[in-house]
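The exercises below are meant to be worked through with the sequence and the coordinates open side by side. Each task is followed by a solution that proceeds step by step.

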Amino acid sequence: PEEWSSMNQQFGLDYDVVPKITVQGYTHRIPAVLELLKSQLISIHGHQTEGIFRLAPDKIKLDLVKQQINTGKFEGCDDVNILATLIKVFFRDLPHGLYNCLPIHQVTRMATMSPIDIIPELHEMQEPHKSVILWLLDLMAMVVLHEDVNKMSARNLSICISPNLFNFEDQNPTVVVTLSQKVAEFTIRILAARLLMKWDHKIAV
């Protein structure tokens with residue numbers, strides 16, 4: 001029945017009720033739609049595509065693919081910019097931003113720390129959000145490791161993705177500008193820490 005299609009919804013749900021799957025390397029299960037989008041993206045070498053996560057796709061096509069996923073009718077997509085944007089949209093549509101699970105003072109403090117000092121802090125993050133933050137950092141790392149072909153540095157990538165990771169509702173507009181910069185810097189720093197701890201890859205921050 002048509003009304004059953006809502007059972008497949010993946011976007012816009014509270015994180016606790018998003019359908020999840022076990023992914024090797026992460027303690028907690030990861031949202032199934034994220035792993036689906038990532039596998040499609042990697043299969044068509046999206047992480048090696050110039051401007052990935054920066055370039056916007058056709059909105060009508062984007063909305064169609066999103067609807068297909070939300071109604072269980074998705075049969076694949078070969079547009080890397082649609083896939084990458086839907087990963088950002090998943091995080092943007094969460095009622096509570098991914099980073100909102102962290103105290104804001106922790107975000108602002110870590111935004112000024114060196115990557116080597118951040119590594120212990122990453123280990124101490126609380127589940128279930130720790131696993132999905134690490135999942136996202138690992139996807140971003142795959143992109144950064146191909147910066148020579150995709151032209152997406154850690155800073156460029158973090159600036160493109162971080163606005164989708166923190167919900168600024170009820171914040172003073174002036175505060176939002178300052179916090180947005182801190183959130184982007186926080187993303188750059190924790191990405192640099194993850195690159196260092198998992199790939200022994202150093203980047204300038």
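## Exercise 1: Charges

Task: Determine how many positive and negative side chains the protein has, and how far apart the centres of the two sets lie.

Solution: In this predicted model, the protein carries 19 positive and 23 negative side chains. Taking the centre of each set then gives two points that lie 4 Å apart.

## Exercise 2: Overall fold and dimensions

Task: Describe the secondary structure of the protein and its order along the sequence, and then test the radius of gyration against the value for a compact globule.

Solution: Begin with the inventory, which comes to nine helices and two strands; read along the sequence, the pattern is β-β-α-α-α-α-α-α-α-α-α. Next, take the chain length of 205 residues, for which a compact globule would have a radius of gyration near 17 Å, and note that the protein agrees because its own value is 17 Å. Along the principal axes, the C-alpha atoms fill a box of roughly 55 × 40 × 35 Å. For the interior, buried residues make up 49% of the 205 residues, and among contacts with a separation of 6 or more, 73% join residues 24 or more positions apart. The accessible surface, finally, comes to about 10,400 Å², with 52% of that area belonging to carbon and sulfur atoms.

## Exercise 3: Helix H1 and its cover

Task: Compare the span of helix H1 with the expected one, list its buried residues, and identify what covers them.

Solution: Helix H1 takes in residues 32–43, twelve in number, and its reach of 16 Å from first C-alpha to last is close to the 16 Å expected at 1.5 Å a residue. Applying the burial criterion to H1 then yields Val33, Leu34, Glu35, Leu37, Lys38, Gln40 and Leu41. These buried residues are covered by elements including strands S1 (20–21) and S2 (30–31), together with helices H2 (59–70), H3 (80–93) and H6 (129–144). After H1 comes His45, which has a positive phi, near 60°.

## Exercise 4: Thr85 and Asp79

Task: Decide whether Thr85 is buried or exposed, and do likewise for Asp79.

Solution: Thr85 is found in helix H3, and its relative accessible area of 12% is under the 20% cut-off, so Thr85 is buried. Leaving aside residues up to four places away in sequence, Thr85 touches Leu55, Pro57 and Leu62. Asp79, by contrast, has its place in the loop between H2 and H3, and at 25% relative accessibility Asp79 counts as partly exposed. Asp79 and Pro57 are 22 residues apart in sequence, while their C-alpha atoms are 8.1 Å apart in space.

Note on methods
Residues numbered from 1 in each chain as written. Predicted model: local features only at pLDDT ≥ 70, side-chain atom pairs only at ≥ 80, totals over all residues. Heavy atoms only, no water. Helix = DSSP H or I, 4+ residues; strand = E, 2+ residues; numbered from the N terminus. Rg over C-alpha atoms; globule rule 2.2 N^0.38 Å. Buried < 20%, exposed > 50% of the residue type's maximum accessible area, 1.4 Å probe, protein only. Contact = heavy atoms within 4.5 Å. Areas by Shrake-Rupley, 256 points an atom, 1.4 Å probe, with all protein chains shown as cover. Lys, Arg positive; Asp, Glu negative; His and termini not counted. Charge placed at Lys NZ, Arg CZ, Asp CG, Glu CD. Expected span 1.5 Å × (residues − 1).
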